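Colleague: Could you take me slowly through one part of this model, namely the main nonpolar core and the strands and helices around it? I am in my first year, so please build the picture step by step.

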Amino acid sequence: MAEPHRAWTAAAARTELRVATTPEQIATAGERLCMAPAALAAAVVEPAGRVLLDDAGSAVLLRRGWADDGAAEAVIVSRAGVPLDHPAVLATAAGWGCERVRHQLTGRTVAVPPPSATAPLVDRFRSLAARADTRVETAVALARDVGRVHTKDDGSLVVAADEAAHAAAVDVLAELGLTVLSEERRDQAVPSGMPWIVLDPLDGTGNFAAGLPPWAFSVALVSDGRPVAGLVADLSSGRRWVGAEGRGAQRDDVPVSPRAGGTVVAPSAPSHDSVLVPSTARRVRVTGCTAVDLCLVADGSAAAWHDVDRSGSHVYDAAAGLAILLAAGGVALTANGDPLVLEPQAHGRIRFVAAPDDASARYLLDALS
């Protein structure tokens, strides 16, 4: 089908495109793209699709994919008034960890530019984290069912995909020149006063081995004990959460924030024991993936999370989710009620509660004490 004809002007390139999320927005985009709303509906619920539109008559349908050479691409399926190098299109592609934008009809491409070397560290981290996620996604898929599964001393599983994911992520993140701490390696010393990166290449390995979602890639930038930026990608579904201090948090490019509710997510129960939850909890969920758990609190899907009834979570499990939670406006407190401070020890353990606000966090601590 030929795309709608419209002159693409410099003024159109400056319009503010946003993600379509409502039926009305989808209907409007459909009119502009000469497509039935049903043809666009999947892009609203599938993380690999985006419908963007503005108030000036422009719209574009994007899908994430891979080219024959293995490069990740943001493919423009249809557009009206939107050039390939529109800032919002490039930003969407960058968030997907894509190397280029390609026009499906003509085959024309534009490269996705990385932040400049003088850009703020958080911007450079976020760009590379997205690229690392894409590399990890591919590495994990190619390593599935490769090699033997074995068990660590703490009882957690290790599969070939763990090592493949670590190698893929570190290869990309090394460009920042910061110390990278990972579940898959012994901790290194971090120079005093320097920021550091902590990652869990494959959180939820037990889920992955069993084929039971979710399992995720997570990576955080930590400065002065604060997780200041993070990315969590649910590799089983494609959902992505990102957040940075002072810039808010987003799930699949849509801003999110925590909210009160009756659903509590919790880590796997201690052996031969139960999980403590407050009496006000109406639903309890155990996903087996801490990074995703914390993002569910950040985006309001769940009201709270905690691990104060067990030995705690490793820093690599929680750091990225904490960065997103805090960026979204949520709160994390230690079992003693203090603000959480991360030490540069990926394998260190922390015990804490995560909630929408300080009052909710303290209520949860009181209820569990």
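Modeller: What follows is a walk through that core, then the sheet and helices beside it, and then a group of hairpins.

Please keep in mind from the start that this is a predicted model. The largest nonpolar core has 39 residues, and the members that touch the most others are W196, V198, V232, L322, L342, I350 and F352. Several elements give two or more residues to this core, namely β10 (196-203), β11 (216-223), α8 (290-298), α9 (315-327) and β22 (352-355). The largest share, nine residues, comes from α9. As background, nonpolar side chains in soluble globular proteins tend to be buried together.

It helps to look at one member of the core in detail. Leaving aside neighbours within four places in sequence, F352 is in contact with L294, W305, H306, D307, V308, A318, L322, A332, L333, T334, A335 and L340. Apart from this core lies another one, of 33 residues, and among them are F125, A130, A143 and V180.

Now to the sheet, to which β22 also belongs. The sheet is open and has five strands in the order β17-β16-β18-β22-β20, with mixed pairing. Its edge strands, each of which pairs on one side only, are β17 (283-285) and β20 (331-334). Neighbouring strands in this sheet are turned against each other by 20 degrees on average, if direction is ignored. Between β20 and β22, which run antiparallel, there are four bridges, and L333 has V353 in β22 as its bridge partner.

Two helices meet this sheet. Helix α8 packs on the sheet and touches β16 (263-265), β18 (304-306) and β22, while its direction makes about 145 degrees with that of β18. Helix α9 lies across β20 and β22, and runs at about 130 degrees to β20.

The two helices also pack against each other, at an angle of about 10 degrees and with their axes 8 Å apart. Because angles under 35 degrees count as roughly parallel, α8 is roughly parallel to α9. Where they meet, T290, A291, L294, C295, V297 and A298 come from α8, and D317, A318, G321, L322, I324 and L325 come from α9. Sorted by class, this contact has nine nonpolar, two polar and one charged residues. Notice that L294, A318 and L322, which take part in this contact, are also among the residues that F352 touches.

Next come the hairpins, and a useful way in is L231, which sits in strand β12 (residues 226-234). L231 is buried, with a relative accessible area of 3%, and the cut-off for that word is under 20%. Not counting residues up to four places away in sequence, L231 touches A129, A130, D133, F217, S218, V219, W241, V242, A320 and I324. One of these, F217, is 14 residues from L231 in sequence and 8.0 Å away in space, C-alpha to C-alpha. Another, I324, belongs to the α9 side of the contact between the two helices, so the touch between L231 and I324 links β12 to that helix.

Strand β12 pairs with β13 in the antiparallel sense over five bridges, and W241 in β13 is the bridge partner of V232. Recall that V232 is one of the core members that touch the most others. Between the strands of this hairpin there are five residues, and G238 takes a positive phi near 90 degrees.

Strand β13 (residues 240-244) is largely enclosed by the rest of the structure, because four of its five residues are buried. On from there, β13 and β14 pair in the antiparallel sense over four bridges, with A249 in β14 as the bridge partner of G243. The hairpin that these two strands form has three residues between them, and G246 in the turn has a positive phi of about 80 degrees.

A residue that is not a glycine can have a positive phi here too, as D253 does, at about 75 degrees. D253 is found in the loop between β14 (248-251) and β15 (254-256), and is partly exposed, with a relative accessible area of 33%.

Key. Residues are numbered from 1 along each chain as its sequence is written. This is a predicted model: local features need pLDDT of at least 70, side-chain atom pairs count only at pLDDT 80 or more; totals for chains, interfaces and linings use all residues. Side-chain values use heavy atoms; hydrogens and water are left out. A nonpolar core is a set of buried Ala, Val, Leu, Ile, Met, Phe, Trp, Tyr and Cys residues joined through side-chain atoms within 4.5 Å. Buried means under 20% relative accessible area, exposed over 50%, partly exposed in between (1.4 Å probe, protein chains only). Contact means heavy atoms within 4.5 Å. Two strands pair if DSSP finds at least two bridges between them. Axes are lines fitted to C-alpha atoms, for helices over the stretch in contact, and angles run from 0 to 180 degrees between N-to-C directions. Angles under 35 degrees count as roughly parallel, over 145 as roughly antiparallel, 65 to 115 as roughly perpendicular and the rest as oblique. Ala, Val, Leu, Ile, Met, Phe, Trp, Tyr, Cys and Pro count as nonpolar, Asp, Glu, Lys and Arg as charged, and the others, Gly among them, as polar.
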